[in-house]
Amino acid sequence: MEKQMLRATINKLEQLGEFEVCNVTVDPKFELGAVLRYFQNEKPILFNKVKGYNMKVLGGLYGNRQLYYDLMGTNKEERLFKFMDAIANPQPAKLLSNGPVKENIITRNIDIPKMLPVPTSHGKDSSSYITAGMLIVKDDITGETHMAVRRFQINGGNIINALVSGASPHLRAQMERYNAMNKPLECAVVLGYDAPYLLASQISSTKYGIDKHMVDSALRGEPLELVKCHSVDLEVPAYAEIVLEGVILPNKTIVEGPFGELMGYYGEVAPVPIMEVRTIMHRNDPIFQHAFPCREEHLANGLIREIEIYNSVKAVVDVKDVNVTVAGGCRLHAIVSINKKNEGDGKSAIISALGSSKDIKHVLIVDDDIDIYDYKDIELAIASRVQASEDVVIIPNALGSGLEASHVARGLTDKMGIDATKPLGEKSVLFERAEIPGFEKIDINKYLPGIKNK
Ligand SMILES: Cc1cc2nc3c(=O)[nH]c(=O)nc-3n(C[C@H](O)[C@H](O)[C@H](O)COP(=O)(O)O)c2cc1C
């Protein structure tokens with residue numbers, strides 16, 4: 001019985017009735033991605049037949065918010081506290097002597113384009129890219145394991161790029177130390193993981209500086225089961241599908257890009273460090289995990305940002321919930337609901353939310369009677385509770401996200417907060433919501449047989 005990682009996830013998705021299988025042959029160049037994109041990348045699909053390869057591909061896995069909660073065994077109300085608890089109380093992982101990922105170990109003639117069905121997503125992409133690969137590195141100072149999703153451009157043979165963005169100064173600093181010593185940095189790329197593993201990976205090493213494998217164990221409520229790699233001194237999940245082991249070469253780069261990124265534009269073309277793959281471990285009949293590059297695939301990153309904004313706002317205002325929206329790339333836009341107790345709480349919440357990360361560009365603060373996941377409710381707040389001259393705050397020329405085209409074009413970002421909360425006191429009667437007594441309990445089936453209650 002599979003307990004952890006991708007095959008356990010497939011079992012759960014099947015139980016939830018949320019798993020599709022495609023038995024038509026698809027081309028990994030554009031066609032496979034087009035099918036995933038058709039469903040906004042929110043439908044897990046296993047492609048059994050991939051043109052030119054014997055390996056299956058699974059995509060569309062972690063882009064749907066409700067499904068993510070289901071896979072984590074949580075819900076909208078409890079998730080912030082469950083995730084915070086895991087970060088505050090990391091638990092030990094468990095090292096096994098062997099595991100399914102070691103069923104096959106390849107150390108010779110590694111030719112990634114021939115061996116792995118790596119998809120090409122967009123028309124102007126420079127190559128195919130491993131987009132769901134989890135880069136594992138051991139911190140050379142603390143010995144802690146850090147893992148994070150990174151993208152890897154395929155360059156032929158056993159050479160891939162490893163894009164470590166400026167949002168990862170911790171790993172960048174380690175790479176600089178290795179460059180200075182001209183020493184290769186041991187690393188591994190894991191494919192075939194589950195929702196807790198992905199969520200733990202999205203915690204910032206710079207902010208928390210904790211072993212992410214231990215956060216994963218706390219999140220899943222049992223020890224993460226690991227095995228030692230074959231050729232590098234690292235541990236990887238025993239139930240992963242595929243692991244690429246190797247080194248990031250010091251002081252060597254290859255130009256990476258163009259690549260159609262999460263916001264739907266082609267990002268920067270720049271020299272990026274090289275990873276030399278020296279060993280591939282994989283399970284029997286492995287499944288290649290793919291993340292179509294789009295906003296939905298960054299949901300896990302947004303779920304962690306929600307915790308950060310929640311904590312930042314909580315220090316000053318009674319905060320209820322935070323939605324870092326998928327439409328804003330799971331990093332640029334936040335909607336925060338508060339229980340307003342003082343005039344000025346809305347502005348305090350704006351300052352705290354914008355200050356939580358350089359990426360957050362626009363924040364909207366609403367009262368706790370607004371459903372922050374319902375766009376009609378959100379617009380109601382903007383349309384009926386905002387006066388721009390008083391409620392809009394603009395901070396010009398801040399540092400923003402490198403993944404946001406208008407920031408890259410200008411080099412700086414204007415940040416904006418909108419306080420869409422109602423006034424307190426006498427004027428609050430103007431905002432009383434008109435309700436129908438008994439509406440919540442209406443059984444629509446009684447009036448229109450055959451129509452299900454919402
Ligand atoms: C689907 C997806 C793709 C990502 N691609 C990259 C990437 O190519 N490079 C990168 O540095 N971060 C990427 N990230 C973000 C990092 O995984 C994330 O910021 C992580 O928390 C960084 O961890 P660190 O603080 O330990 O460096 C991606 C995240 C997701 C969810």
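Which atom of Ser165 lies 2.7 Å from an oxygen atom of the ligand, one of the backbone or one of the side chain? In this predicted model, the atom of Ser165 at that distance is a backbone N or O atom. A second backbone contribution comes from Ser201, of which a backbone N or O atom is placed 3.2 Å from an oxygen atom of the ligand. Lys212, by contrast, takes part through its side chain, an N or O atom of which is found 2.8 Å from a ligand oxygen atom. Of the 640 Å² of accessible area that the ligand has on its own, 90% is covered by the protein.

The surroundings of the ligand comprise 17 residues, and the closest of these are Arg150, Ser165, Ser168, Ser205 and Lys212. When the shell is divided by class, eight of its residues are polar, five are nonpolar and four are charged.

Two domain annotations are available from the record. UniProt, in an unreviewed entry, assigns residues 10-87 to the "3-octaprenyl-4-hydroxybenzoate carboxy-lyase-like N-terminal" domain. In the model this span is 41% helix and 13% strand, with its end C-alpha atoms 26 Å apart. For residues 301-420, the unreviewed UniProt entry lists the domain "3-octaprenyl-4-hydroxybenzoate carboxy-lyase-like C-terminal". Over residues 301-420, helix accounts for 38% and strand for 28% of the chain, and the C-alpha atoms at the two ends are separated by 26 Å.

The loop that joins helix H5 (112-115) to strand E6 (129-130) contains Pro119, and Ser128 is likewise located in the loop between H5 and E6. Pro119 is classed as buried because its relative accessibility is 2%, a value that falls under the 20% cut-off. Apart from its neighbours within four places in sequence, Pro119 makes contact with Pro28, Leu32, Ser128, Tyr129, Phe288 and His290. The C-alpha atom of Pro119 is also 7.4 Å from that of Gly33, although these two residues are 86 residues apart along the chain.

Ser128, with a relative accessibility of 14%, therefore also counts as buried. If residues up to four places away in sequence are set aside, the contacts of Ser128 are with Val118, Pro119, Thr120, Phe152, Gln153 and Ile154. The contact between Pro119 and Ser128 thus links two residues of this loop, while Ser128 additionally touches Phe152, Gln153 and Ile154.

Key: Residues numbered from 1 in each chain as written. Predicted model: local features only at pLDDT ≥ 70, side-chain atom pairs only at ≥ 80, totals over all residues. Heavy atoms only, no water. UniProt positions renumbered as here; feature names shortened; annotations may be inferred. Helix = DSSP H or I, 4+ residues; strand = E, 2+ residues; numbered from the N terminus. Near = heavy atom within 4 Å. Polar contact = N/O pair within 3.5 Å; in protein donor to acceptor, adjacent residues only side chain to side chain. Areas by Shrake-Rupley, 256 points an atom, 1.4 Å probe, with all protein chains shown as cover. Nonpolar A, V, L, I, M, F, W, Y, C, P; charged D, E, K, R; others polar. Buried < 20%, exposed > 50% of the residue type's maximum accessible area, 1.4 Å probe, protein only. Contact = heavy atoms within 4.5 Å.
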